[in-house]
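Please look through the structure shown here, with attention to the ligand and to the residues around it. The paragraphs after it lead from the contacts of the ligand to its metal and then to a residue of the loop.

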Amino acid sequence: MRSVLPFAVLMALAVPAAAEDPAAPSAPIPLEIKDASGNQLSGDPGKEKGETQFKQCQVCHTLEDGVNKVGPSLYKIIGRTAGSVEGFNYSKANKESGVVWTEQNMWEYLQKPNGFMPGTKMAFAGIKDPQKRADLIAYIQLHSK
Ligand code: HEC
């Protein structure tokens, strides 16, 4: 019997500490992205990962419906056809690209936007690190719907 109480106390302490805040998940989620070697990628949307990456985009984009800045709103961007935000003045290159923003296409675009879409007016050099791009897309996927 002597060992029962300390165990119960330990559990009581451990449970709240392990409880997760659903608003700030930080665990990789599987993505529909394959890298050059055919490996399927996961991305971590958490504070230190995807959320931090997204800070670079916030200068020009929001994830809110109808709120455009220098760039169009990225609300529900995944699965949307390029150039389809009402009232945003896109470049011809973007508007007429015919690209659908799947996770895979976004991952490739964000490596070097003007390489993927020559003539885009998105003035952003790109994110070289493949995992950082995956983390960013996980964040967008979670927060843009
Ligand atoms: C300096 C401002 C700027 C930054 C920083 C920026 N963008 Fe953009 N983005 C734009 C502009 C402007 C467009 C419209 C491009 C066009 O019409 O050619 C755009 C277009 C896009 C599109 C296509 C939208 C559509 O409706 O077709 C996506 C996706 C996108 N940006 C994602 C991002 C992400 C993710 C980041 C952060 C890594 C980012 N952008 C950083 C300005 C920016």
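In this predicted model, a polar side-chain atom of Y90 lies 2.6 Å from an oxygen atom of the ligand, and a polar backbone atom of G83 is 2.8 Å from an oxygen atom of the ligand. The side chain of H61 also takes part, with a polar atom 2.8 Å from a nitrogen atom of the ligand. The ligand has 28 residues around it, of which C57, C60, H61, S91 and M122 come nearest. Helices contribute to this shell as well, since α2, α4 (103-109) and α6 each supply at least two of its residues, and the space that the ligand takes up is the largest pocket.

At the iron atom of the ligand, the protein donors are NE2 of H61 and SD of M122, which lie 2.0 to 2.1 Å from the metal. The site has 6 donor atoms with angles of 86 to 180° among them, and is octahedral; for six octahedral donors, the ideal angles are 90 or 180 degrees. The pair joins distant parts of the chain, 61 residues apart, with H61 in the loop between α2 (50-58) and α3 (92-95) and M122 in the loop between α5 (113-116) and α6 (130-143). H61 has a relative accessible area of 11% and is therefore buried, whereas M122, at 24% relative accessibility, counts as partly exposed.

The loop between α2 and α3 also holds K76, a residue that has a positive phi of about 50° although it is not a glycine. With a relative accessibility of 47%, K76 counts as partly exposed.

Key:
Residues are numbered from 1 along each chain as its sequence is written. This is a predicted model: local features need pLDDT of at least 70, side-chain atom pairs count only at pLDDT 80 or more; totals for chains, interfaces and linings use all residues. Side-chain values use heavy atoms; hydrogens and water are left out. Donors are N, O and S atoms within 2.8 Å of the metal (3.2 Å for Na, K and Ca); water is not among the atoms, so sites may look incomplete. Four donors count as tetrahedral if all angles lie between 85 and 135 degrees; four count as square planar and six as octahedral if opposite donors are over 155 degrees apart and all others between 65 and 115; anything else is irregular. Helices (H or I, at least four residues) and strands (E, at least two) are DSSP runs, numbered from the N terminus. Buried means under 20% relative accessible area, exposed over 50%, partly exposed in between (1.4 Å probe, protein chains only). A residue is near a molecule or strand if one of its heavy atoms lies within 4 Å of it. A polar contact is a pair of N or O atoms within 3.5 Å; within protein, one must be able to donate a hydrogen and the other to accept it, and residues adjacent in sequence count only if both atoms are side-chain atoms. On a 1 Å grid over the protein atoms alone, a cavity is a set of points where a 1.4 Å probe fits but cannot get out, and a pocket is an open set with protein on both sides within 12 Å along at least five of seven lines; lining residues have an atom within 4 Å of a point. A molecule sits in a cavity or pocket if more than half of its atoms lie within 2 Å of its grid points.
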